[in-house]
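Work through the exercises below with the sequence and the structure in view. Each task is followed by a solution in steps.

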Number of protein chains: 2
Amino acid sequence: MARGMVNALKKSEVLALLRESGPEYVSGEEVCRRLGVSRTAIWKQIRALREEGYAIEAAPRSGYRLTGVPDRLYSREILPGLGTEFMGRSFYYHESLDSTNREAAKLAGGGAPEGSLVVTEEQTGGRGRLGRGWFSPRGLGLWCSLVLRPGISPGEAPPVTMLAAVAVSAAVEKVAGVSPGIKWPNDILVRGKKFCGILTEMNAEMEKVNFLVVGMGVNVNTPREEFPPELADTATSLLQVKGEKVSRQELLKQLLREFEALYRTWLQSGFGPVLAEWKRRCVTLNCPVRISTPRESWEGWAEDVAEDGALILRFPDGSRRSFVSGEVSLRTRD
Amino acid sequence: MARGMVNALKKSEVLALLRESGPEYVSGEEVCRRLGVSRTAIWKQIRALREEGYAIEAAPRSGYRLTGVPDRLYSREILPGLGTEFMGRSFYYHESLDSTNREAAKLAGGGAPEGSLVVTEEQTGGRGRLGRGWFSPRGLGLWCSLVLRPGISPGEAPPVTMLAAVAVSAAVEKVAGVSPGIKWPNDILVRGKKFCGILTEMNAEMEKVNFLVVGMGVNVNTPREEFPPELADTATSLLQVKGEKVSRQELLKQLLREFEALYRTWLQSGFGPVLAEWKRRCVTLNCPVRISTPRESWEGWAEDVAEDGALILRFPDGSRRSFVSGEVSLRTRD
């Protein structure tokens, strides 16, 4: 284990040197001198980096140069220049996981600090809200979970999901140049199709949340034909909307920055500013909607969203009713 | 594992036969015949039962008879004649555990059904509310946790703790003949000292509780001198109040029965009937109290408790305020 740590450190150091010299070669001799290790040791790290997908040219007299980085969510690709204080600072990367939420909850139960991030290339048992699944194919999306430890009671937790929806929307806007809309309570859409789901779970006493896990699944580069048939009509990805690939690395970085900024705002100034931003992006406000719960459904005018996240519907007779859960659809003329 | 199961079964069967014959001897020959095993096999089970604390006399010509059962919370002492439908039906007994809540949460996460019970002779890391500890010495108390899966939202969970307080109070009243009082929100007292603590924890999505774990710690037979000095003034046990030992086995059985009945009432008829029972036992209503939160403290008249468990104080100017958490103390004349 300790040996593994040492090796990982060296690998990152070798990579840092290669990055530093940009498109130029850096000589093996210089790498040895600056890292204080043998040429054999360097060569071992170069090979290990190549195995991880880094393209590194080795020229007999010139040395090494970096010609390509892998499309992986390695911490060494995300943390440099990230600029957050705590979001993503404890970084848990996996090639494959059943569910990032499950892993994050396990880590949080063992004391993982606020802002701990679990990210994986694929989920084999990705979960959505209310026991549904979440399609999470390898290398095509952002499947990640954050551990939060706000000092709140369980009833104060629902805004976190809305905060996450704003963070994802803002990050997508900046990185992909696409402006998503939020469908109450927390689906994120482009062109009327869903490309992101959020699943917030908590571990709590009656008076106090021990920790929250916010899971976010973003369909980034999933080609249309990869989706299972039952999702084809309702799901999309940034690739499908843009017509070109979007950097998952840049998206994750920006997401962590947006999330940290919004989270700070929430804890320091209350939910008002975050809610305002949420409303600005919401596509299910000020329009006629139908809301369905397992037992009933109502049609009305989506008038507002309250501080606790409840959707307020106004009915033709002027009465109002607020909903804390349900499936919303826009009403269109038949 | 399969072999262990077979042995455990045989042990219970041997014990059942011994119980059946009451104070009379049952011949080894009869045991062999009725259970269809050899005398050597019987003798092995008798020895195993003795190791678990059962007193079994073996007389050369007469056979065996049971002269004493151990003061342990074995499932085979609790389940026969229990009469509940689901509370305690999945029974997890441990000689020692760090925390029954932690173990129950682990089991619930793995799918343990509603009513699953974790019970232990001692907790090495017993926990109370808000990160406090809970003194749980070996063999002297009831340290147990129940898994519940009501179909509710996180905000609807707090009544469960009040329900547990009523269940413990009712069981103690019936088994020990002592009438406890409940101090808001959920301490249970006799003669002004605490003998039971309740810690409810939950695992939830924002809209839906996945499971609740209700941990109950009851100081049953803890002698005064066993308590750590810092607890001596505020803690007590049923032994101290009664002046004699109370059966932990009978108490656990009655607790499971009371809990199941109250839980059914809650789910079928709402919290009203349980709350009425809670109020009847409450010692912090209709009296002057001081309530302290980490930041402030108030003095007022404890007028009522709302359906969600909030304590409603009336102040001298007639205004009212409700509290969802805080430490309450009775105000007495100086």
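Helices (H or I, at least four residues) and strands (E, at least two) are DSSP runs, numbered from the N terminus. Residues are numbered from 1 along each chain as its sequence is written, while chains are lettered from A and ligands numbered from 1 in the order in which they are written. The model is predicted: local features need pLDDT of at least 70, side-chain atom pairs count only at pLDDT 80 or more, and totals for chains, interfaces and linings use all residues.

**Exercise 1. Place S27(A) and the hairpin.**

Task: Find the loop that holds S27(A), and state whether S27(A) is buried, partly exposed or exposed.

Solution.
- Step 1. S27(A) sits in the loop between α1 (2-20) and α2 (28-35) of chain A.
- Step 2. A residue is buried if 20 or more other C-beta atoms, placed from the backbone, lie within 10 Å of its own, exposed if 12 or fewer, and partly exposed in between.
- Step 3. S27(A) has 14 other C-beta atoms within 10 Å and is therefore partly exposed.
- Step 4. S27(A) and G63(A) are 36 residues apart along the chain, and their C-alpha atoms are separated by 4.0 Å.
- Step 5. Two strands pair if DSSP finds at least two bridges between them. Strand β1 (residues 55-59) of chain A and strand β2 (residues 63-68) of chain A run antiparallel and are joined by five bridges.
- Step 6. G63(A), in β2(A), is the bridge partner of A59(A). A hairpin through three residues joins β1(A) to β2(A).

**Exercise 2. Describe a helix pair.**

Task: At what angle do the axes of helix α8 and helix α9 of chain A cross?

Solution.
- Step 1. Two packed helices are described by the angle between their axes and the distance between the axes.
- Step 2. Axes are lines fitted to C-alpha atoms, for helices over the stretch in contact, and angles run from 0 to 180 degrees between N-to-C directions.
- Step 3. The axes of α8 (residues 248-269) and α9 (residues 272-281) of chain A cross at roughly 130 degrees and come within 7 Å.
- Step 4. Angles under 35 degrees count as roughly parallel, over 145 as roughly antiparallel, 65 to 115 as roughly perpendicular and the rest as oblique. α8(A) and α9(A) are therefore oblique to each other.
- Step 5. Residues are in contact if their C-beta atoms, placed from the backbone, lie within 7 Å. From α8(A) the contact takes L262(A), T265(A), W266(A) and S269(A), and from α9(A) it takes G272(A), P273(A) and V274(A).
- Step 6. Ala, Val, Leu, Ile, Met, Phe, Trp, Tyr, Cys and Pro count as nonpolar, Asp, Glu, Lys and Arg as charged, and the others, Gly among them, as polar. The contact of α8(A) with α9(A) has four nonpolar, three polar and no charged residues.

**Exercise 3. Examine where the chains meet.**

Task: Which strand gives the most to the side of chain B that touches chain A?

Solution.
- Step 1. The contact involves 19 residues of chain B and 19 residues of chain A.
- Step 2. On the side of chain B, strand β8 (residues 193-205) gives the most, with seven residues. This side divides into nine nonpolar, five polar and five charged residues.
- Step 3. Strand β8 (residues 193-205) of chain A pairs with β8(B) in the antiparallel sense over five bridges. E201(B), in β8(B), stands opposite E205(A).

**Exercise 4. Order a sheet.**

Task: Which strands are the edge strands of the open sheet of chain B?

Solution.
- Step 1. The open sheet has five strands with antiparallel pairing, in the order β13-β12-β11-β10-β14 (chain B).
- Step 2. β13 (320-323) and β14 (327-330) of chain B each pair on one side only, and are the edge strands. From one strand to the next the twist averages 45 degrees.
- Step 3. β13(B) runs antiparallel to strand β12 (residues 311-314) of chain B, with four bridges between them. R314(B) has R320(B), in β13(B), as its bridge partner.

**Exercise 5. Check the backbone.**

Task: Where does a cis peptide bond occur in chain A, and where does R191(A) lie?

Solution.
- Step 1. Most residues other than glycine have a negative phi, and most peptide bonds are trans.
- Step 2. W184(A) and P185(A) are joined by a cis peptide bond, with omega about 0 degrees. P185(A) is in the loop between β6 (181-183) and β7 (187-190) of chain A.
- Step 3. R191(A), in the loop between β7 and β8 of chain A, has a positive phi, near 50 degrees. R191(A) counts as exposed, with 11 C-beta neighbours inside 10 Å.

How values were computed: Two residues are in contact if their C-beta atoms, placed from the backbone, lie within 7 Å.
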